[in-house]
Amino acid sequence: MELPFNMIDILRNIEAEPGVLVAFAAFHPFALVILIIPLWILKKIGVYKPIESLGIFGFSMTVIFMVGWLMGFVSQILLMFMGVSGLKMLMVYFSMYLCITAFVIVNAAGLRKKFDQDQLKKKPLNN
């Protein structure tokens, strides 16, 4: 059984044109909008309540995508302008996401607690 695409050709393309990797790093979170649209519809209907069901998993995924997007885009732009090869850029990108994911998984509860404390400080009290 084979994959429906040729991974070697994709790697050769990244090696020849590292700008493709920079574009992917810049725009890959926006592809998630396609996944958010059905959730928005379910929220409007009243079936899905994100505040009640977000939980630690949703918070962790949000942190991973936001930090990965910001750091990934900046690092890939810098690496491309420094003349680093496309395969090295790809390995840096994968290892960066692996480290961010490991950090968030290990520290998810602490990050959530800190985020909740910061939100309580910003929220004005209604007397």
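**Entry 1: aromatic cluster**

I looked for aromatic groupings in this predicted model and found that F24, Y93 and Y97 form one cluster. I counted two aromatic pairs. In the F24 and Y93 pair, the ring centres are 6.2 Å apart and the planes stand at 75°, so I logged the pair as edge-to-face. F24 belongs to helix α2 (residues 19-27) and Y93 to helix α6, so this pair ties together parts that are 69 residues apart in sequence.

For Y93 and Y97 I noted ring centres 5.5 Å apart and planes at 80°, so this pair is edge-to-face. Y93 and Y97 are four residues apart in helix α6, or about one helical turn.

I then checked the exposure of each member. F24 is partly exposed at 47% relative accessibility. Y93 is buried at 3%, and Y97 is buried at 15%.

**Entry 2: what surrounds Y93**

Which residues does Y93 touch, leaving out those up to four places away in sequence? I listed F24, A25, H28, G72 and Q76.

**Entry 3: nonpolar cores**

I recorded the largest nonpolar core as seven residues: A25, I64, Y93, M96, Y97, I100 and V104. Helix α6 (residues 86-122) gives the most to this core, with five residues. I also noted a second, separate core of six residues, with I14, V22, M89 and L90 among them. As background, nonpolar side chains tend to be buried together in soluble globular proteins.

**Entry 4: M96**

I picked M96 from the largest core for a separate check. M96 lies in helix α6. Is M96 buried or exposed? I found M96 buried, because its relative accessibility is 11% and the cut-off for buried is under 20%.

Leaving out residues up to four places away in sequence, M96 touches G68, M71, G72 and S75. For one of these, G68, I noted the backbone spacing: the C-alpha atoms of M96 and G68 are 7.5 Å apart, with the two positions 28 residues apart along the chain. G72 appears in the contact list of M96 and also in that of Y93.

**Entry 5: chain overview**

I found six helices and zero strands. From the N terminus on, the order of elements is α-α-α-α-α-α. The chain has 127 residues, and 20% of them count as buried.

I looked at how the contacts are spread along the sequence. Among contacts in the chain with a separation of 6 or more, 80% are between residues 24 or more positions apart. The chain exposes about 9800 Å², and carbon and sulfur atoms supply 74% of that area.

**Entry 6: surface patch**

I noted a nonpolar surface patch of about 780 Å². I36, I37, L39, W40, I41, L42, I45 and V47 make this patch. Where does V47 sit? I placed V47 in the loop between α3 (33-45) and α4 (50-53). V47 is exposed, because its relative accessible area is 62% and exposed means over 50%.

**Entry 7: salt bridge**

How many salt bridges are there? I counted one salt bridge. R12 forms it with D9, and the closest N and O atoms are 3.9 Å apart. The cut-off for this pairing is 4 Å. R12 and D9 are three residues apart in helix α1 (residues 7-16), so about one helical turn separates them. R12 is exposed at 57% relative accessibility, whereas D9 is partly exposed at 44%.

Definitions and conventions:
Residues numbered from 1 in each chain as written. Predicted model: local features only at pLDDT ≥ 70, side-chain atom pairs only at ≥ 80, totals over all residues. Heavy atoms only, no water. Patch = residues over 30% accessible without salt bridge, like charges linked within 9 Å, V, L, I, M, F, W, Y side chains within 5 Å. Areas by Shrake-Rupley, 256 points an atom, 1.4 Å probe, with all protein chains shown as cover. Salt bridge = Lys/Arg side-chain N within 4 Å of Asp/Glu carboxyl O. Helix = DSSP H or I, 4+ residues; strand = E, 2+ residues; numbered from the N terminus. Buried < 20%, exposed > 50% of the residue type's maximum accessible area, 1.4 Å probe, protein only. Contact = heavy atoms within 4.5 Å. Core = buried A, V, L, I, M, F, W, Y, C linked by side-chain atoms within 4.5 Å. Phe/Tyr/Trp six-rings, centres within 6.5 Å; stacked < 30°, edge-to-face > 60°.
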